[in-house]
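Subject: Handover of a structure, with notes on what was found

Dear colleague,

Please find below the structure that I am passing on to you. My notes follow it and are intended for a reader who has not yet worked with it.

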Amino acid sequence: MIKLQLSLAIIKPHTVKNPVALSYIRNVLKNKFVVIKTKRLFLDKSTAANFYIEHKDKFFFNRLVTFMSSGYIDLHVLGHKNAIDLWRKMLGPTKVYKAQFEDPYSLRGMFGLSDTRNVAHGSDSLTSAEREIKFFFPEFSFYEWHNSNEELYRKGPIIFNKHLFQHVRKL
Ligand SMILES: Nc1ccn([C@@H]2O[C@H](COP(=O)(O)OP(=O)(O)OP(=O)(O)O)[C@@H](O)[C@H]2O)c(=O)n1
Ligand SMILES: Nc1ncnc2c1ncn2[C@@H]1O[C@H](COP(=O)(O)OP(=O)(O)O)[C@@H](O)[C@H]1O
Ligand SMILES: [Mg+2]
C-alpha cells in the first residue's frame with residue numbers, strides 16, 4: 001500500500017490569465033491527481049517575498065516577487081502516491097529554453113514565457129511541500145490528513161466538484 005503524498009502547485013499569474021494554458025493544466029490536475037484544496041489569491045509583495053525567501057539573494061528575486069504579485073494565482077494541494085516528483089516532471093525544467101529544447105511537451109516547454117514566467121510552481125521536497133501548504137493553507141491539518149483523510153481519499157469513493165475545483169468524498 002502506497003500512501004498519497006501531497007504537493008503544492010501554484011499556477012502563476014500569466015498562466016491564470018491564459019485560458020488555453022489554464023484549461024489544459026486544469027484538465028491534467030483533475031485527471032492525474034486528487035485535488036485536495038484549491039484557492040485563488042492575489043499576493044501582496046511581502047507575502048510573495050516570504051514565500052520565496054530561500055531566493056532572497058538571487059539576481060531574479062525582485063522580478064520574481066513583482067511578477068508573483070502582479071495578478072491572481074491559483075493554489076492547489078495535490079495528492080498522488082508520487083505527487084512531488086510527478087508534478088515537477090510535468091512542469092519540466094525551470095529555465096524556458098531548456099524546457100523547450102529538452103522537454104517541449106512539458107507545461108513549461110509548451111507555455112513558458114521566460115525563466116521567471118515559467119507557468120507554475122511545484123514543491124521540490126517533502127519538507128518544502130509541508131512548509132508551502134502550511135504557508136497558504138494555515139487551517140490545513142496534517143494530523144487529520146495523515147490519520148483519516150489520506151485513507152478516505154485513497155480508497156474513495158470520491159467525486160470531482162468542478163465549482164470548488166476539488167475532489168470531495170462521495171457521501
Ligand atoms: N544576471 C543574470 C541575468 C540574466 N540571466 C539569464 O539571462 C536570460 C534572460 O533573462 P531575462 O532578461 O530575465 O529575460 P526576460 O525575458 O526579461 O524574463 P523575466 O523578466 O520574466 O525573467 C535568462 O536565461 C536569465 O536566467 C542570468 O543568467 N544572469
Ligand atoms: N535564472 C532565472 N531567471 C529568472 N527567474 C528565475 C531564474 N531561476 C528561477 N527563477 C524564478 O524563480 C522561481 C523559483 O526558482 P527555483 O526554485 O530555482 O525553480 P523551480 O520553480 O523550478 O523550483 C522559478 O520558478 C522562476 O520563476
Ligand atoms: Mg523551487
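Which residues of helix α5 are buried? Please bear in mind that this is a predicted model. In α5, which covers residues 83–91, the buried residues are Ala 83, Ile 84, Trp 87, Met 90 and Leu 91. Viewed down the axis of α5, these buried residues fall within an arc of 140°, so they line one face of the helix. An α-helix has 3.6 residues a turn, so residues three or four places apart point the same way. The elements that cover the buried residues of α5 include the strands β1 (5–11), β3 (73–80) and β4 (120–122). Among the covering elements there are also the helices α2 (19–32), α7 (107–111) and α8 (126–136). After α5 comes Gly 92, which has a positive phi, near 85°.

A second helix can be described in the same manner. The buried residues of α4 are Phe 61, Leu 64, Val 65, Phe 67 and Met 68. Down the axis of α4, they fall within an arc of 165°, so they too line one face of their helix. Their cover includes β1, β3, α1 (13–16) and α3 (45–51).

Annotated domain and active site

UniProt, in an unreviewed entry, lists residues 4–144 as "domain: Nucleoside diphosphate kinase-like". Over residues 4–144, helix accounts for 48% of the chain and strand for 18%. The C-alpha atoms at the two ends of this stretch are 14 Å apart.

The unreviewed UniProt entry also places the feature "active site" at His 121. This residue is found in strand β4. Is His 121 buried or exposed? With a relative accessible area of 11%, His 121 is buried, because that value is under the 20% cut-off. Leaving aside neighbours within four places in sequence, His 121 is in contact with ten residues that I list in two groups. One group comprises Leu 8, Ala 9, Ile 10, Lys 12, Phe 51 and Tyr 52. The other comprises Trp 87, Leu 91, Arg 108 and Glu 132. Trp 87 and Leu 91 also appear among the buried residues of α5.

The largest pocket

The largest pocket holds about 510 Å³ of space. Its lining consists of 22 residues, and those nearest its centre are His 55, Phe 60, Leu 64, Thr 94 and Asn 118. The elements that contribute two or more residues to this lining are α4 (61–68), β4 and α8. Which kinds of residue make up the lining of the largest pocket? It divides into five nonpolar, eight polar and nine charged residues. Leu 64 is also one of the buried residues of α4.

The loop between α7 and β4

Two residues of this loop deserve a note. Thr 116 lies in the loop between α7 and β4 and, at 12% relative accessibility, counts as buried. Apart from neighbours within four places in sequence, Thr 116 is in contact with Lys 12, Arg 63, Leu 64 and Phe 67. Val 119 is found in the loop between α7 and β4 as well, and it counts as buried at 0% relative accessibility. Its phi is near 80°, a positive value in a residue other than glycine.

Helix α7 itself contains Gly 109, which is buried with a relative accessible area of 10%. Beyond its neighbours within four places in sequence, Gly 109 is in contact with Leu 91, Ala 99, Gln 100, Asp 103 and Pro 104. Gly 109 and Met 68 are 41 residues apart along the chain, and their C-alpha atoms are separated by 20 Å.

Backbone features further along the chain

Where is the cis peptide bond that involves Pro 157? It joins Gly 156 and Pro 157, with omega about 0°. Pro 157 is found in the loop between α9 (142–155) and β5 (158–161). Phe 165, in the loop between β5 and β6 (166–169), has a positive phi of about 50° although it is not a glycine. With a relative accessible area of 5%, Phe 165 is buried.

With kind regards

Key
Residues are numbered from 1 along each chain as its sequence is written. Chains are lettered from A and ligands numbered from 1 in the order in which they are written. This is a predicted model: local features need pLDDT of at least 70, side-chain atom pairs count only at pLDDT 80 or more; totals for chains, interfaces and linings use all residues. Side-chain values use heavy atoms; hydrogens and water are left out. Buried means under 20% relative accessible area, exposed over 50%, partly exposed in between (1.4 Å probe, protein chains only). Helices (H or I, at least four residues) and strands (E, at least two) are DSSP runs, numbered from the N terminus. The arc is that of the directions from the helix axis to the C-beta atoms. Contact means heavy atoms within 4.5 Å. UniProt positions are given in the numbering used here, feature names are shortened, and annotations may be inferred rather than shown by experiment. On a 1 Å grid over the protein atoms alone, a cavity is a set of points where a 1.4 Å probe fits but cannot get out, and a pocket is an open set with protein on both sides within 12 Å along at least five of seven lines; lining residues have an atom within 4 Å of a point. Grid points are joined across faces, edges and corners, and a volume is the space filled by probe spheres set on the points. Ala, Val, Leu, Ile, Met, Phe, Trp, Tyr, Cys and Pro count as nonpolar, Asp, Glu, Lys and Arg as charged, and the others, Gly among them, as polar.
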